[in-house]
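Colleague: Please take a close look at one buried loop residue and its surroundings, then work outwards to the other parts of the model that can be described in similar detail. Keep to what the coordinates support.

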Amino acid sequence: MRILDVLLAVLYPPSCAHCRRPLRRAGAARLCPPCRRSLGAIVAPCARCAEPGAAPVCETCASRPPAFRRAFALFPYRDGGVLAEALTRWKYHRRADVGAALVRLFAEEAPLLPSCYDLVVPVPLHPSKLGRRGFNQAGLLARGLCRARPETGRLAPTALRRRRTGVQARLARPGRRANVRGAFRAPGDLTGARVLLIDDVLTTGATVDACARELRRARAAAVDVLVLARTPRPESRR
Ligand SMILES: [Zn+2]
Ligand SMILES: [Zn+2]
């Protein structure tokens, strides 16, 4: 350990990024064992969209296959859970330390993907949100992944652009699909590229589907999706 690291460790002893409990051993993700365990795992996901409990393929994907080949999700998203709270702190309270912990967690837990990709492309943030927030969480996750695992593919942060449309979270599901249609633009020629699309949370899948559609239109050979967290579909919450 360098002198500076020793000093920093004395001044700022490692603590859990979520509950602030002191950590004996600072894992890459900086979560204490109980918080880490509480993240849980996705059980029996749909092979296309990673919807928990929908294996082998959910009804939606069976009746209307998405434009992406398959989605990988690292953790289930639970309202009020450690991950949901951490994402809120990062995105809405601008807690960069929590963001850094999530980026490390993402890079550390990214599954050994079955194939390598040519391009790693983050879902672009709506321009009005980017202005307010000052950063794109999907962009930071993609950058962290490419730094930790350069073999995944080349980071292509501007391969997709976003047009100005209404803000997604306020809309119900049918509105979301219509809203995201045409929201993205891939300005370049992606002929033959295998693309890994990155986002923080996959909810209805409408956003990543619209992105994948646009990437395919720009002649990408295949698009897979990797997200930090996957919600159950809104219908299955009722
Ligand atoms: Zn903790
Ligand atoms: Zn599905």
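**A loop residue and beyond**

Modeller: N136 is buried, because its relative accessible area is 15% and the cut-off for burial is under 20%. Bear in mind throughout that the model is predicted. N136 sits in the loop that links α6 (127-133) to α7. Beyond its neighbours within four places in sequence, N136 is in contact with P122, V123, P124, L125 and L130. V123 also offers a polar partner: its backbone oxygen is 3.0 Å from a polar atom of the N136 side chain.

The helix on the far side of that loop, α7 (137-148), leads to the next element, since it is among those against which the buried residues of α5 pack. Helix α5 covers residues 96-109, 14 residues in total. From first C-alpha to last it reaches 20 Å, close to the 20 Å expected at 1.5 Å a residue. Its buried residues are V98, G99, A101, L102, V103, L105, F106 and A107. In an α-helix, residues three or four places apart point the same way, because there are 3.6 residues a turn. Besides α7, the buried residues of α5 pack against two further helices that come before it, α2 (33-38) and α4 (82-92), and against the strands β1 (71-76), β6 (194-202) and β7 (222-230).

Helix α2 in turn gives a way to G40, which lies in the loop between α2 and α3 (59-63). With 27% relative accessibility, G40 counts as partly exposed. G40 touches F75, P76 and R78, leaving aside its neighbours within four places in sequence. For the pair G40 and R78, the separation is 38 residues in sequence and 9.8 Å in space, C-alpha to C-alpha.

The metal sites come next. The zinc ion (ligand 1) is held by the SG atoms of C16, C19, C32 and C35, at 2.2 to 2.4 Å. Along the chain these donors follow C-x2-C-x12-C-x2-C. The site is tetrahedral, with angles of 101 to 114° among its 4 donor atoms. Two of the donors can be set side by side for accessibility: C16 is buried at 0%, whereas C19 is partly exposed at 31%.

For the zinc ion (ligand 2), the protein donors are the SG atoms of C46, C49, C58 and C61, lying 2.2 to 2.3 Å from the ion. Here the spacing is C-x2-C-x8-C-x2-C. This arrangement is tetrahedral because the 4 donor atoms subtend angles of 101 to 114°. C58 counts as buried at 4% relative accessibility, and C61 is buried as well, at 6%.

As for other cysteine chemistry, a disulfide is a covalent bond between the sulfur atoms of two cysteines. A search of the whole structure finds 0 disulfides. One further cysteine, C116, is partly exposed, with a relative accessible area of 43%.

To return to the starting point, N136 is buried in its loop before α7, with the V123 backbone oxygen 3.0 Å from its side chain.

Technical notes. Residues numbered from 1 in each chain as written. Chains lettered and ligands numbered in written order. Predicted model: local features only at pLDDT ≥ 70, side-chain atom pairs only at ≥ 80, totals over all residues. Heavy atoms only, no water. Donors = N, O, S within 2.8 Å, 3.2 Å for Na, K, Ca; no water. Tetrahedral: all angles 85-135°; square planar, octahedral: opposite > 155°, others 65-115°. Buried < 20%, exposed > 50% of the residue type's maximum accessible area, 1.4 Å probe, protein only. Helix = DSSP H or I, 4+ residues; strand = E, 2+ residues; numbered from the N terminus. Expected span 1.5 Å × (residues − 1). Contact = heavy atoms within 4.5 Å. Disulfide = S-S within 2.5 Å. Polar contact = N/O pair within 3.5 Å; in protein donor to acceptor, adjacent residues only side chain to side chain.
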